[in-house]
Amino acid sequence: MAETLQVYTDWADSYDADVGDRGYVTPTRIADAVLPWVTPAVTVLDYGCGTGLSGRALARAGLGPLHGTDITPAMVEVARQKKIYDRLWVGEPGTPPCAPGEYPVIIATGVVSLGAAPPDCFDLLLDALAPGGVLALSFNDPTLQDGRYDARLTARADDLEILFREHGPHLQESQMGADVLVLRRR
């Protein structure tokens with residue numbers, strides 16, 4: 001975890017430009033996918049908000065108020081400068097982002113994936129979601145190939161309903177794709 005934290009700390013200042021230049025479209029895909037399933041005025045937790053790219057896409061879609069958390073203080077500081085979050089904080093790795101059932105909508109763009117958060121992070125998010133709440137996340141191609149993340153999703157099948165799942169572009173320049181998923185907690 002320390003290595004991952006250092007990578008994102010070092011990357012904070014150039015992250016937006018780097019992934020933007022590579023055609024990072026997952027934040028917009030997730031915002032578009034979740035919109036039919038949520039009320040626009042509902043509070044949304046952007047888990048692993050990083051520099052705020054997903055928050056910006058959510059705000060453009062008319063969602064919010066937005067709360068954001070990330071484990072990388074440098075990324076949170078970049079997000080804070082964008083002034084898109086009503087509440088923003090630095091979280092602790094492996095700990096729940098909030099009280100159980102606190103949020104009606106949680107977004108985790110590119111977070112529950114290889115190189116970021118482990119598969120059991122999915123459990124933290126589902127448990128933080130209010131009953132009947134919506135969780136939207138993405139699994140990029142390497143994460144899908146790994147199999148452990150989909151296995152975690154399958155293990156929690158009794159706790160959720162898959163509302164939407166679609167494979168599409170993630171980083172267009174490298175021709176990497178991702179599944180975007182929208183889930184409802186039972």
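The following legends describe close-up views of a predicted model.

**View 1. Strand β4 is largely enclosed by the rest of the structure.** Strand β4 comprises residues 103-108. Because five of its six residues are buried, the surroundings of the strand are largely formed by other parts of the structure. The cut-off applied here for a buried residue is under 20% relative accessible area.

**View 2. Strand β4 pairs in the parallel sense with strand β1.** Strand β1 covers residues 44-47, and three bridges connect it with β4. Within this pairing, aspartate 46 stands opposite isoleucine 107 of β4.

**View 3. Strands β4 and β5 run parallel and are joined by a helical crossover.** Five bridges link β4 to β5, the latter spanning residues 129-140. Alanine 108 is placed opposite leucine 137 in β5. From β4 the chain passes through helix α6, residues 121-128, before reaching β5, and the resulting β-α-β crossover is right-handed.

**View 4. A cis peptide bond precedes proline 65.** The bond runs from glycine 64 to proline 65, and its omega is near 15°. Proline 65 belongs to the loop that lies between α4 (53-60) and β2 (66-70).

**View 5. Lysine 83 adopts a positive phi.** The phi value of this residue, which is not a glycine, is near 55°. Lysine 83 is located in the loop between α5 (73-82) and β3 (87-90). Its relative accessibility is 73%, and lysine 83 is therefore classed as exposed, the cut-off for that class being over 50%.

**View 6. Glutamine 175 is a further residue with a positive phi.** Although glutamine 175 is not a glycine, its phi is about 55°. The residue is found in the loop between β6 (160-171) and β7 (176-185). With a relative accessibility of 74%, glutamine 175 counts as exposed.

**View 7. Arginine 87 places its charged end over the ring of tryptophan 89.** The distance from the charged end of arginine 87 to the centre of the tryptophan 89 ring is 4.1 Å. Strand β3 spans residues 87-90. Elsewhere in the analysis of rings, the structure holds one aromatic pair. A pair of aromatic rings is described by the distance between the centres and the angle between the planes.

Notes:
Residues are numbered from 1 along each chain as its sequence is written. This is a predicted model: local features need pLDDT of at least 70, side-chain atom pairs count only at pLDDT 80 or more; totals for chains, interfaces and linings use all residues. Side-chain values use heavy atoms; hydrogens and water are left out. Rings of Phe, Tyr and Trp (its six-membered ring) pair if their centres lie within 6.5 Å; planes under 30 degrees apart count as stacked, over 60 as edge-to-face and the rest as tilted. A charge sits over a ring if NZ of Lys or CZ of Arg is within 6 Å of the ring centre and within 35 degrees of the ring normal. Helices (H or I, at least four residues) and strands (E, at least two) are DSSP runs, numbered from the N terminus. Buried means under 20% relative accessible area, exposed over 50%, partly exposed in between (1.4 Å probe, protein chains only). Two strands pair if DSSP finds at least two bridges between them. A crossover is right-handed if, with the strands pointing away from the viewer, the path from the first strand over the helix to the second runs clockwise.
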